[in-house]
Amino acid sequence: MISKTKVFKPSIRKAGFGDLSAIHSLDQRLFPPGVRFDFETFYFHLVDPASTILIAEEKDFIGGFVIFERLSSKAGSIVTIDVTPELQGRGIGAKLMGAVSKIARHSGLRWIILQVSCENLGAKEFYEKQGYAVTRLLKGYYQGREDAWEMKRKLVN
Ligand SMILES: CC(C)(COP(=O)(O)OP(=O)(O)OC[C@H]1O[C@@H](n2cnc3c(N)ncnc32)[C@H](O)[C@@H]1OP(=O)(O)O)[C@@H](O)C(=O)NCCC(=O)NCCS
C-alpha cells in the first residue's frame with residue numbers, strides 16, 4: 001500500500017508478463033464485475049502486436065496503466081486507463097495519455113477514439129482535459145444496459 005501523501009514520480013515503460021497480475025488486480029479494484037476485464041483480456045493485449053500496455057511505475061510500485069490498441073493505419077483506441085485510487089489526481093493519468101499520444105503520432109495515426117460510461121463523469125472530464133470530445137452516444141454499450149460516450153481526439157503532428 002502507498003501513502004496518499006507520498007510524492008510519486010513515475011517513469012513510463014511497456015508492460016511485461018510479470019505485470020499482468022498487478023494490473024489485473026488494480027482493474028478489479030476500480031471496476032465492478034461485469035464491467036472490468038478478465039485476466040485473459042489483459043493477456044491478449046500484452047501479446048497482441050496491435051496493442052501496447054504502458055505502465056507508470058516508481059520503485060517497483062505500479063501507479064497506473066493504459067492499454068492502447070491500433071485499429072487501422074489512421075486510428076487507435078484507448079482500451080482502458082487505470083490509476084491506483086491513492087494516487088489519483090496527481091497527473092499520472094495525464095502522463096500515461098501523453099505517452100500514448102506520442103506512440104500514436106510516431107505510428108502515423110491521425111485519431112484516437114475511446115468509449116466511456118455515461119455514468120463515469122469524472123473520467124469524461126479527465127478525457128476532455130486531454131483534448132477528447134464527444135462524437136456520439138452509444139446506447140446500451142455496456143452489457144446492453146449502460147450507455148457510453150464515444151470520444152475522439154485528432155492528433156496533430
Ligand atoms: C480517470 C483517471 C484515469 C484519471 O487519472 P488521474 O491520474 O487521476 O488524472 P490526472 O491527475 O492526470 O488529471 C488530469 C486532469 O484531469 C482532471 N481529472 C482527473 N480526474 C478527474 C475527475 N474524476 N473529475 C474531474 N476532473 C478530473 C484533473 O483535475 C486534471 O486536470 P488539470 O489538467 O486541469 O489539472 C483515474 O481517475 C482513474 O483511474 N479512474 C478510475 C478508472 C477509470 O474510470 N478509468 C477510465 C475508464 S474509461
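Which residues does UniProt list for "domain: N-acetyltransferase"? The entry, which is unreviewed, gives residues 10-156. Keep in mind that this is a predicted model. Over residues 10-156, the chain is 30% helix and 39% strand. The C-alpha atoms at the two ends of that stretch lie 26 Å apart.

Start with the whole protein. It has four helices and seven strands. Read from the N terminus, the elements follow the order β-α-α-β-β-β-α-β-α-β-β. The C-alpha trace spans about 40 × 35 × 30 Å along its principal axes. How does the radius of gyration fit a compact globule? For 157 residues, such a globule would have a radius near 15 Å. The protein has 15 Å, so the two agree.

Now look at the strands. Strands of a sheet pair through backbone hydrogen bonds, and they can run parallel or antiparallel. Here seven strands form an open sheet. Their order across the sheet is E1-E2-E3-E4-E5-E7-E6, and the pairing is mixed. Strand E1 (11-14) and strand E6 (133-142) are the edges. Each of these edge strands pairs on one side only. Neighbouring strands are turned against each other by 25° on average, with direction ignored.

Begin at the E1 edge. E1 and strand E2 (residues 51-58) run antiparallel. Four bridges join them. To find the pair in the model, look for Ser11, which stands opposite Glu57 in E2.

Next come helices against the sheet. Helix H2 (residues 39-47) packs on the sheet. H2 touches E2, strand E3 (61-70) and E4. The direction of H2 makes about 105° with that of E2. Helix H3 lies across E1, E2, E3, E4 and strand E5 (111-117). H3 runs at about 35° to E3.

Finally, turn to the ligand. How many residues surround the ligand? There are 19, and the closest are Val83, Gln88, Gly93, Ala94 and Gly122. Three elements give two or more residues to this shell: strand E4 (75-83), helix H3 (92-106) and helix H4 (121-129). Which of the elements gives the largest share? That is H4, with five residues. By type, the shell divides into eight nonpolar, seven polar and four charged residues.

Now put the parts together. E4 is a strand of the open sheet, and E4 also gives residues to the ligand shell. H3 lies across five strands, E1 to E5, and H3 too gives residues to the shell.

How values were computed
Residues numbered from 1 in each chain as written. Predicted model: local features only at pLDDT ≥ 70, side-chain atom pairs only at ≥ 80, totals over all residues. Near = placed C-beta within 6 Å. Nonpolar A, V, L, I, M, F, W, Y, C, P; charged D, E, K, R; others polar. Pairing = 2+ DSSP bridges. Axes fitted to C-alpha atoms, helices over the stretch in contact; angles between N-to-C directions. Contact = placed C-beta atoms within 7 Å. UniProt positions renumbered as here; feature names shortened; annotations may be inferred. Rg over C-alpha atoms; globule rule 2.2 N^0.38 Å.
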